[in-house]
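Trainee: I have a model open and would like to go through how its features get their labels. Could you take my questions one by one?
Mentor: Gladly, let's look at it together.

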Amino acid sequence: MLRRAKCDLTQLDAVAVTVGPGLIGALLVGVSFAKSLAYALNIPLLAIHHLEGHISAVYLTQEEIPFPAVALVVSGGHTNLYNMPKRGEYYLLGKTLDDAAGEALDKGARLLGYEYPGGPIIDRLAKQGNPEIYPFTIPYPKGLNFSFSGVKTALRQTLQKEDTLRHLPSFDADIAASYQKAIVESLVLKSCSALKQEKAKSIILVGGVAANSLLRQRMKAEGERAGFAVYIPPPHHCTDNAAMIAMAGLSHLERGDFAPLDLSPNPVLALTSPC
Ligand code: KG4
Ligand code: ZN
């Protein structure tokens with residue numbers, strides 16, 4: 001990493017690390033290493049919330065964003081909508097009541113016989129498919145929440161019912177296109193409702209699922225139609241990456257928000273303001 005960034009340890013100003021939420025094993029490895037490095041180099045340790053990292057990814061390529069904004073964080077573990085009155089302030093508006101969008105895509109791909117991660121596979125297959133052949137109902141639970149377990153069940157039932165058609169060359173592509181469309185439309189509809197409710201000027205779309213081509217295209221189209229700005233990091237900054245954690249760390253460093261060297265990871269950490 002340092003070699004790729006063409007710098008050495010003496011040039012580091014601080015060490016930013018994901019403190020939660022996530023799998024405890026992975027968090028422990030990262031936090032232990034970051035603490036040792038910060039101690040050895042005598043530089044500040046910065047504790048970053050994973051979702052704050054995702055949201056900060058947008059600032060890797062964008063200097064200013066018009067606020068108030070709505071942030072949609074869609075990953076393998078989260079589908080959260082936030083109201084952001086300004087940078088670094090997050091108020092949860094809605095979230096998934098069951099599976100996260102990425103989880104639903106991964107599980108859907110698994111039902112079709114594909115390996116993890118299934119999201120990019122569904123994305124690729126769907127480009128060749130017709131979403132109207134096996135239409136699924138767009139999930140639309142109450143308020144600004146999401147729910148994807150119903151469409152996953154509908155996919156399973158369709159696969160059982162249409163078992164005899166599975167040998168058709170276009171079958172996987174058609175069903176992937178319909179499944180992806182139902183999930184993406186739900187994400188777009190709820191985001192538009194949130195933007196309207198909060199009278200927001202822009203949306204920040206981040207997390208691994210924000211790499212999805214249809215979601216990117218549909219959100220940009222809605223932004224043009226309804227008159228809000230759409231900010232989506234390039235795909236390689238949407239899926240988990242170190243640069244987004246460093247970017248979030250920069251704000252912590254600038255305001256002197258340092259973590260203690262006895263920092264412990266928190267697998268269920270909530271994103272609260274100010275972060
Ligand atoms: O943010 P992320 O890298 O890790 C978590 O924090 O969970 O997101 C991973 C999720 C996986 O569910 C993966 O299938 C999904 O993002 N994903 C995609 C695409 N690329 C990654 N989903 C749909 N289309 C993609 N192109
Ligand atoms: Zn992530």
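Trainee: What makes H50, H54 and D240 the donors of the zinc ion (ligand 2)?
Mentor: Keep in mind that this is a predicted model. A donor is an N, O or S atom within 2.8 Å of the metal. NE2 of H50, NE2 of H54 and OD of D240 coordinate the zinc ion (ligand 2) at 2.0 to 2.1 Å, so they meet that cut-off. Water is not among the atoms, so the site may look incomplete.

Trainee: How are the donor residues of the zinc ion (ligand 2) spaced in sequence?
Mentor: The pattern is H-x3-H-x185-D. The pair H54 and D240 links distant parts of the chain, 186 residues apart. H54 belongs to helix α2 (residues 50–56), while D240 is in the loop between α8 (235–238) and α9 (242–254).

Trainee: Why is H54 called buried or exposed, and what about D240?
Mentor: Buried means under 20% relative accessible area, and exposed means over 50%. H54 has 1%, so H54 is buried. D240 has 57%, so D240 is exposed.

Trainee: D174 has a label of that kind too. Why is D174 called buried?
Mentor: Its relative accessibility is 7%, and the limit for buried is under 20%, so D174 counts as buried. D174 lies in helix α6.

Trainee: Which residues does D174 touch, leaving out those up to four places away in sequence?
Mentor: D174 touches G129, N130, P131, I133 and Y134. Contact means heavy atoms within 4.5 Å, so each of these has to meet that limit. As for T158, D174 is 16 residues from it in sequence and 12 Å from it in space, C-alpha to C-alpha.

Trainee: What makes up the lining of the second largest pocket?
Mentor: There are 13 lining residues, and A126, P131, Q180, L214 and Q217 lie nearest the centre of the pocket. A lining residue has an atom within 4 Å of a pocket point. Helices α4 (118–126), α6 (171–197) and α7 (213–226) each supply at least two residues of the lining. By kind, the lining has 4 nonpolar, 4 polar and 5 charged residues. The space in the second largest pocket is about 210 Å³.

Trainee: How do you know that the radius of gyration of the protein chain agrees with a compact globule?
Mentor: For 275 residues, a compact globule would have a radius of gyration near 19 Å, and the protein chain has 20 Å, so the two agree. Along the principal axes, the C-alpha atoms fill a box of roughly 65 × 40 × 30 Å. The protein chain has 9 helices and 7 strands, and 49% of its 275 residues count as buried. Among contacts between residues at least 6 apart in sequence, 74% join residues at least 24 apart.

Trainee: Where are the residues joined by a cis peptide bond?
Mentor: One such bond joins G20 and P21, with omega about -10°. P21 lies in the loop between β1 (15–20) and α1 (24–41). Another cis peptide bond joins F67 and P68, with omega about 0°, and P68 is in the loop between α2 and β3 (69–74).

Trainee: Last one: why are K6 and N42 called exposed?
Mentor: Exposed means over 50%. K6 has a relative accessible area of 75% and therefore is exposed; N42, at 71%, therefore counts as exposed. K6 lies in the segment before β1 and has a positive phi near 55° without being a glycine. N42, in the loop between α1 and β2 (45–49), has a positive phi of about 55° although it is not a glycine.

Conventions. Residues numbered from 1 in each chain as written. Chains lettered and ligands numbered in written order. Predicted model: local features only at pLDDT ≥ 70, side-chain atom pairs only at ≥ 80, totals over all residues. Heavy atoms only, no water. Donors = N, O, S within 2.8 Å, 3.2 Å for Na, K, Ca; no water. Helix = DSSP H or I, 4+ residues; strand = E, 2+ residues; numbered from the N terminus. Buried < 20%, exposed > 50% of the residue type's maximum accessible area, 1.4 Å probe, protein only. 1 Å grid on protein atoms, 1.4 Å probe; cavity = no way out; pocket = protein on both sides within 12 Å on 5 of 7 lines; lining within 4 Å. Points joined across faces, edges and corners; volume = space filled by probe spheres on them. Nonpolar A, V, L, I, M, F, W, Y, C, P; charged D, E, K, R; others polar. Rg over C-alpha atoms; globule rule 2.2 N^0.38 Å.
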